[in-house]
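Visitor: I'm new here, and I'd like to know how labels such as "buried" or "paired" get attached to a structure. Could you walk me through some of them?

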Amino acid sequence: MLDSLKSELLAAVAAAGDLSALDEVRVTALGKKGRVTGLMKELGGLGAEERRARGGALNLLKDEIAAAIETRRGDLQALAQAARLEAERIDVSLPARPEAPGRIHPISQTVDELTAIFAEMGFTVAEGPDIEDDFHNFTALNFPPEHPAREMHDTFYLPDAADGRRMLLRTHTSPVQIRTMLTAKPPIRVIIPGRTYRSDYDMTHTPMFHQVEGLVVDESTHMGHLKGCLVEFCRAFFEIDDLPLRFRPSFFPFTEPSAEVDIGCSRKGGELKIGAYGDWLEILGCGMVHPNVLENCGIDSTRYQGFAFGMGIERIAMLKYGIPDLRTFFEADLRWLKHYGFVPLDIPNRAWS
Ligand code: PHE
């Protein structure tokens, strides 16, 4: 009788098609109310001799069934894994997902890069309007009314505003210095990337171009801070740790003293190489904020000092990425964009090529 029960249970184990069916078989045979368990409960009613013989046989049966269940469980698990591996199979020899056809324009990429560098130095980003009035673009920046420096900017003028203000397309990002100082209290530490406009057009000039301005105002700001900040920036941006920099005296109405900054380069064999000694290349203008400018913005110039700088974004992008002609930036030529553009989500500071 135990033999037929055994073969019946073993057959059920073998027939269990998955792990949950197998578990049902286990409960039916060996569970609290299972068939083998039931037979064991009947042992109490037997005589000692008979109980020992029958008990031994039942234990043997129980162990055999348990072992069969374990073996079957192992087989079923292996089968399930094989099925899953089959279902999730990928053909690694297939071609990769096609590259996104769009590109990040070098100007956007360069703005992202320089913003990241200045953000690390504690600068935030400020913005202002492209259409400005004469006050913010010139007067508040200490350009006297008929000063020749105004002429040097090749300004695009617009019809006067209804209230008589002289309107124009901003010729630099410096008017946003004024807007910032009129609204924020020192300490101030901002960069201002944006579009600027001058009536000029050749290999190195387009009527619309981009600048980034920097402004720091605090109680003990001095020329050493200006120098340190720009040296750090240029070396980080061009990724050359020992990039030589030269500060040359210059003039801007809104800074005193003023300087222009050159970076070291070589032009040996007609090829421009940034970071070498021998030659110099101008890349930006800077200086200590003129006391008149601070006062024009209601900042006490006996208490506060500041430094400012401004540079052309196309220019530093051309130098870093070897782009020869400024005008090509704005021609929207897909072949140019594909060549000089950056893959979306690419880490900044990496040229796509
Ligand atoms: N605004 C100046 C220009 O466009 C650059 C500059 C900015 C110089 C800030 C000094 C300080 O030429």
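**Labels and what backs them**

Guide: Let's begin with a pairing: strand 8 (residues 255-266) and strand 10 run antiparallel to each other, joined over 9 bridges. Keep in mind that this is a predicted model.

Visitor: What makes strand 8 and strand 10 a pair?

Guide: The cut-off is at least two bridges between the strands. Strands 8 and 10 have 9 bridges, so they pass as a pair. One of the matches is Val261, whose bridge partner in strand 10 is Leu284.

Visitor: Which bridges link strand 10 to strand 11?

Guide: There are 5 bridges between strand 10 and strand 11 (residues 305-312), again in the antiparallel sense. Among the matched residues, Cys286 has Phe309 of strand 11 as its bridge partner.

Visitor: Why is strand 10 called largely enclosed?

Guide: Buried means under 20% relative accessible area. In strand 10 (residues 279-289), 8 of the 11 residues are buried, so the rest of the structure largely encloses this strand.

Visitor: Where does the order 2-4-3 come in?

Guide: That is the order of an open sheet of 3 strands with antiparallel pairing. Strand 2 (131-133) and strand 3 (157-158) are at its edges; each has a single partner strand, so one side of each has no neighbour in the sheet.

Visitor: How do you know that strand 2 pairs with strand 4?

Guide: Strand 2 and strand 4 (residues 167-169) run antiparallel and are joined by 3 bridges. The pairing rule asks for at least two, so the label holds. Within strand 4, Leu169 is the bridge partner of Ile131.

Visitor: What surrounds the ligand?

Guide: 14 residues do, and the closest are His172, Ser174, Arg198, Gln211 and Glu213. The ligand sits in the largest pocket. Strand 6 (208-218), strand 10 and strand 11 are the elements giving two or more residues to the shell around the ligand. Strand 11 supplies the largest share, 3 residues.

Visitor: What makes the approach of Ser174 to the ligand a polar contact?

Guide: The limit for a pair of N or O atoms is within 3.5 Å. An N or O atom in the side chain of Ser174 is 3.0 Å from a nitrogen atom of the ligand, so the pair meets that limit. For Arg198, a polar side-chain atom lies 3.0 Å from an oxygen atom of the ligand. Gln211 has a side-chain N or O atom 3.0 Å from an oxygen atom of the ligand. As for cover, the ligand taken alone exposes 320 Å², and the protein buries 91% of that.

Visitor: Why does Thr328 count as buried?

Guide: Its relative accessibility is 17%, and the cut-off for buried is under 20%, so Thr328 counts as buried. Thr328 is in the loop between helix 11 (313-321) and helix 12 (334-340). A polar atom of the Thr328 side chain lies 2.5 Å from the backbone oxygen of Asp325. The Thr328 side chain also makes a polar contact with the side chain of Trp336, at 3.1 Å.

Visitor: How do you know that helix 11 is mostly covered?

Guide: Of its 9 residues, 8 are buried. Among them are Ile313, Leu319 and Tyr321. Just after helix 11 comes Gly322, with a positive phi of about 65°.

Visitor: Why are Asp154 and Ala332 put in separate exposure classes?

Guide: Exposed means over 50%, and partly exposed runs between 20% and that value. Asp154 has 33% relative accessibility, so it counts as partly exposed. Ala332 is at 60%, so it counts as exposed. Asp154 lies in the loop between helix 7 (148-151) and strand 3, while Ala332 is in the loop between helix 11 and helix 12.

Visitor: What is phi in Asp154 and in Ala332?

Guide: Asp154, not a glycine, has a positive phi of about 45°. Ala332, also a residue other than glycine, has phi near 55°. Most residues other than glycine have a negative phi.

Visitor: Which peptide bond leading to Pro187 is cis?

Guide: The one from Pro186, with omega near 0°. Pro187 is in the loop between helix 8 (175-183) and strand 5 (188-197). The bond from Glu256 to Pro257 is cis too, with omega near -5°, and Pro257 belongs to strand 8.

Methods
Residues are numbered from 1 along each chain as its sequence is written. This is a predicted model: local features need pLDDT of at least 70, side-chain atom pairs count only at pLDDT 80 or more; totals for chains, interfaces and linings use all residues. Side-chain values use heavy atoms; hydrogens and water are left out. Buried means under 20% relative accessible area, exposed over 50%, partly exposed in between (1.4 Å probe, protein chains only). Helices (H or I, at least four residues) and strands (E, at least two) are DSSP runs, numbered from the N terminus. A residue is near a molecule or strand if one of its heavy atoms lies within 4 Å of it. A polar contact is a pair of N or O atoms within 3.5 Å; within protein, one must be able to donate a hydrogen and the other to accept it, and residues adjacent in sequence count only if both atoms are side-chain atoms. Accessible areas come from the Shrake-Rupley method with a 1.4 Å probe; for residues, only the protein chains shown count as cover. On a 1 Å grid over the protein atoms alone, a cavity is a set of points where a 1.4 Å probe fits but cannot get out, and a pocket is an open set with protein on both sides within 12 Å along at least five of seven lines; lining residues have an atom within 4 Å of a point. A molecule sits in a cavity or pocket if more than half of its atoms lie within 2 Å of its grid points.
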